[in-house]
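Trainee: I am new to this one. Can we go through the terms and see what backs each of them?

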Amino acid sequence: IHGTTQKCDIRKLATVESPRNQEQAAPISPRRGSTLLMRLTVTDRKTGVCLFDRTWNWPHQASPHDIAKMIVSFHQISGELGNQTKEVRQVVFQPSAERKRRKKVVGRRRQTILAPAEREETQQSVRLCSVQDDTAAYIVGLFHLLTEDAVLISKVHTFLIDICREFSEKYSKKHAKLKPNITDIATENKNAQMTREDILREFKQFDATIESLRVVHSLDTV
């Protein structure tokens with residue numbers, strides 16, 4: 001499965017800010033035994049309201065609603081850069097290369113110089129994959145550790161597409177019924193009958209389907 005890949009600073013995952021130009025280092029492959037999957041969300045494409053959120057291994061405190069908005073933004077940007085609607089779109093977040101200061105004696109004077117860019121080995125690159133359903137009602141976004149294993153990447157993409165299909169089949173009617181409530185939430189209507197957390201509870205049972213698909217596609221550790 002092909003798709004345009006964009007690169008961003010991994011630290012933006014914590015703050016959900018727009019990416020800035022950062023000096024980048026080569027991606028680090030996942031450490032053996034690492035949990036591959038990190039976080040998955042299903043978002044209403046039109047409003048950006050999060051419908052479902054599943055976390056496996058997320059290193060920062062971040063609202064699922066902020067994460068959902070970020071996924072929608074990156075998905076749309078990726079589409080503008082040439083991806084077709086049904087393709088899996090990708091953004092890669094890499095740890096910034098940090099320059100360390102060190103002292104060097106030149107003649108009788110001690111000067112501070114910048115050492116070559118380095119990166120902490122504890123940080124790993126992350127890929128965000130996203131896809132939307134055939135009716136363009138939802139966007140499913142999945143964060144996972146970056147890997148160059150073509151077989152594993154194919155599994156992740158198939159897993160993502162299956163999730164999108166299953167969610168549409170199971171919840172399209174419920175989603176249509178809740179659409180007025182979702183719109184009220186997105187527009188911050190003071191008379192809204194439901195909250196963002198209420199919407200998440202409506203789709204909570206999808207968690208069991210996610211875990212079943214994860215097992216089917218053998219996506220656990222790398």
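Mentor: We will take the chain first, then its strands, a helix, a pocket and two loop residues. Keep in mind that this is a predicted model.

Trainee: What makes up the protein chain?

Mentor: The protein chain has 5 helices and 8 strands. Along the sequence the pattern reads β-α-β-β-α-β-β-β-β-β-α-α-α. Of its 222 residues, 45% count as buried.

Trainee: Why is strand 3 called largely enclosed?

Mentor: Buried means under 20% relative accessible area. In strand 3, residues 50-55, 5 of the 6 residues are buried, so the rest of the structure largely encloses this strand.

Trainee: How do you know that strand 2 and strand 3 pair?

Mentor: Two strands need at least two bridges to count as paired. Strand 2 (residues 37-44) and strand 3 are joined by 5 bridges, so the term applies, and they run antiparallel. One of the bridge pairs is Arg39 with Thr55 of strand 3.

Trainee: What lies between strand 2 and strand 3 in the hairpin?

Mentor: There are 5 residues between them. Gly48 sits in the turn and has a positive phi of about 80°.

Trainee: What makes strand 4 mostly covered?

Mentor: Count its buried residues. In strand 4 (residues 89-94), 6 of 6 are buried. Arg89, Val91 and Phe93 point one way. Gln90, Val92 and Gln94 point the other way. Both sets are buried.

Trainee: How do you know that strand 4 pairs with strand 7?

Mentor: The same test serves, at least two bridges. Strand 4 and strand 7 share 5 bridges, in the antiparallel sense. Val92, for one, has Arg127 in strand 7 as its bridge partner.

Trainee: How do you know that helix 3 is not straight?

Mentor: Set its span against the expected one. A straight helix of 37 residues would span 54 Å at 1.5 Å a residue. Helix 3 (residues 150-186) spans only 38 Å between its end C-alpha atoms.

Trainee: Where does helix 3 bend?

Mentor: At Tyr171, by about 65°.

Trainee: Why is Asp149 called a cap of helix 3?

Mentor: A polar contact needs N or O atoms within 3.5 Å. A side-chain oxygen of Asp149 lies 3.0 Å from the backbone nitrogen of Val151, so the pair is inside that limit. The capped end of helix 3 is the N-terminal one.

Trainee: What volume has the second largest pocket?

Mentor: About 170 Å³. The lining has 11 residues, and the closest to the centre are Gln132, Asp133, Asp134, Cys164 and Arg165. Strand 7 (126-132) and helix 3 are the elements that each give two or more residues to this lining. Helix 3 gives the most, with 5 residues.

Trainee: What makes the phi of Glu188 worth a look?

Mentor: Glu188 has a positive phi of about 55° although it is not a glycine. Glu188 is found in the loop between helix 3 and helix 4 (196-202), just after helix 3.

Trainee: Is Glu188 buried or exposed?

Mentor: Exposed means over 50% relative accessible area. Glu188 has 67%, so the term exposed fits.

Trainee: Which residue after helix 5 also has a positive phi without being a glycine?

Mentor: Ser218, with phi near 55°. Ser218 lies in the segment after helix 5 (206-216).

How values were computed
Residues are numbered from 1 along each chain as its sequence is written. This is a predicted model: local features need pLDDT of at least 70, side-chain atom pairs count only at pLDDT 80 or more; totals for chains, interfaces and linings use all residues. Side-chain values use heavy atoms; hydrogens and water are left out. Helices (H or I, at least four residues) and strands (E, at least two) are DSSP runs, numbered from the N terminus. The expected span of a helix is 1.5 Å times one less than its number of residues. The bend at a residue is the angle between axes fitted to the seven residues ending there and the seven starting there. A polar contact is a pair of N or O atoms within 3.5 Å; within protein, one must be able to donate a hydrogen and the other to accept it, and residues adjacent in sequence count only if both atoms are side-chain atoms. Buried means under 20% relative accessible area, exposed over 50%, partly exposed in between (1.4 Å probe, protein chains only). On a 1 Å grid over the protein atoms alone, a cavity is a set of points where a 1.4 Å probe fits but cannot get out, and a pocket is an open set with protein on both sides within 12 Å along at least five of seven lines; lining residues have an atom within 4 Å of a point. Grid points are joined across faces, edges and corners, and a volume is the space filled by probe spheres set on the points.
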